[in-house]
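Visitor: I would like a close look at one part of this model, with its surroundings brought in where they help. Please take it slowly and state your cut-offs as you go.

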Amino acid sequence: MKRIITLQDISCVGRCSITVALPILSAMGVECGILPTAVLSTHTMFKTFTCKDLTDQIEPISDAWEKEGITFDGIYTGYLASGDQCHQVCQFFDRFGTGDNLILVDPAMADNGKLYAAFDNAFPSEMAKVCAKADIILPNITEACLLTGIPYRTEYGPDYIRSLMEKLLELGCKTAVLTGVSYQPGQLGVAYLDRSGKEFSYFTRRCPQSFHGTGDLYSSTVLGGLMRGMDLGDALALAADFVVICIEATAASKSARWYGVEFESQIPRLCEMVEERLKNV
Ligand code: PXL
């Protein structure tokens, strides 16, 4: 069984980061270790929240793992609590990245043209350094703009998406995935460009509702697919289909916008989807 380590926060309530990564990766048949980078009462979209930064734990925990000879098939980062933490995470990559294992970075810091509440304008350039060391990065369009300096647009065509991905590759990562891409009102999807020039895109129907935490659900599912041996395109498509299924299952719930998508009821479906798709690998 593949073992990954995820470095992101524990938001105690509200289905995001580690409380999404753990169940999803477990359901997909991947061992998921955690390095909590902060503990929050909820994610930062709630009006009131607490945050205990755990940056000072990254180094001693890493020391202990190194002494024990612990290794990882994948390293996955999501929401990071500060610029200083980004620096520590880069050092973690240097220690536990082998060249053979996969470093996947979801630069979770912004959406809909805006940085999340807890960050200042200096944060994206620190996150860009984390992205530089990744094999795969998965920003949404807002995050891609903040990482590259390209102005954010809500109306665009394939040339804009291509130029964002090219600029993202210039950061140093091997493959740039862009999420939340849409060329037609009823559809939403994902695109990637890698250093060899390979391009890919995949679209699903756009759900009218938007829920918090779907980015984390998406990235966790992508990583699960990759760890189970799918190629990137298949893993991106699986994750897109699964997020749509979860959103549809959640749409009836009024509180869901803040509490995230109700993916739990769809875990059996995820297991089936993984098995179906692995038959074709
Ligand atoms: O889902 C991204 C995320 C993760 N963790 C925390 C957040 C957010 C988005 O707002 O606030 C703490």
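Visitor: In which helix does aspartate 159 lie?

Guide: Aspartate 159 lies in helix α6, where helices (H or I, at least four residues) and strands (E, at least two) are DSSP runs numbered from the N terminus. This is a predicted model, in which local features need pLDDT of at least 70 and side-chain atom pairs count only at pLDDT 80 or more, while totals for chains, interfaces and linings use all residues. Residues are numbered from 1 along each chain as its sequence is written, and side-chain values use heavy atoms, with hydrogens and water left out.

With a relative accessibility of 67%, aspartate 159 counts as exposed; here buried means under 20% relative accessible area, exposed means over 50%, and partly exposed is what falls in between, with a 1.4 Å probe and protein chains only. From aspartate 159 to isoleucine 103 the C-alpha distance is 27 Å, for a sequence separation of 56 residues.

Further along α6, glutamate 166 and arginine 162 form a salt bridge whose closest N and O atoms are 2.8 Å apart, the term standing for a side-chain nitrogen of Lys or Arg within 4 Å of a carboxyl oxygen of Asp or Glu. Because glutamate 166 and arginine 162 are four residues apart in helix α6, about one helical turn separates them. Both partners count as partly exposed, glutamate 166 at 35% relative accessibility and arginine 162 at 29%.

Helix α6 (158-170) is also among the elements against which the buried residues of α5 pack, together with β6 (110-111), β7 (114-115), α4 (123-132) and β9 (175-181). Helix α5 itself (residues 141-148) is mostly covered, with seven of its eight residues buried, namely Ile141, Thr142, Glu143, Ala144, Cys145, Leu147 and Thr148. At the start of α5, the backbone nitrogen of threonine 142 has a side-chain oxygen of asparagine 140 within 3.1 Å, and just after the helix glycine 149 takes a positive phi of about 85 degrees.

Two of the strands beside α5, β6 and β7, are joined by a loop that holds asparagine 112. Most residues other than glycine have a negative phi, yet the phi of asparagine 112 is positive, near 50 degrees. Asparagine 112 is exposed, with a relative accessible area of 61%. Serine 17, in the loop between β1 (3-13) and α1 (18-27), likewise has a positive phi, near 40 degrees, but serine 17 counts as buried at 2% relative accessibility.

That loop between β1 and α1 brings us back to salt bridges, of which a search of the whole structure finds 15. The side chains of arginine 15 and glutamate 264 meet in one of them, at 2.9 Å from N to O. Arginine 15 belongs to the loop between β1 and α1, and glutamate 264 to the loop between α9 and α10 (267-279), so the pair ties together parts that are 249 residues apart in sequence. Glutamate 264 counts as partly exposed, at 40% relative accessibility.

A further salt bridge joins glutamate 275 and arginine 228, with closest N and O atoms 3.9 Å apart. Glutamate 275 lies in helix α10 and arginine 228 in the loop between α7 and α8 (232-250), so parts 47 residues apart in sequence are tied together by the pair. Glutamate 275, at 43% relative accessibility, counts as partly exposed, and arginine 228, at 29%, counts as partly exposed too. Elsewhere, Asp63, Glu66 and Arg95 are joined into one network by salt bridges that share partners.

Helix α7 (residues 214-227) includes threonine 214, which is buried with a relative accessible area of 19%. Not counting residues up to four places away in sequence, threonine 214 touches Val243, Ile247 and Val261, contact meaning heavy atoms within 4.5 Å.

Technical notes
Polar contact = N/O pair within 3.5 Å; in protein donor to acceptor, adjacent residues only side chain to side chain.
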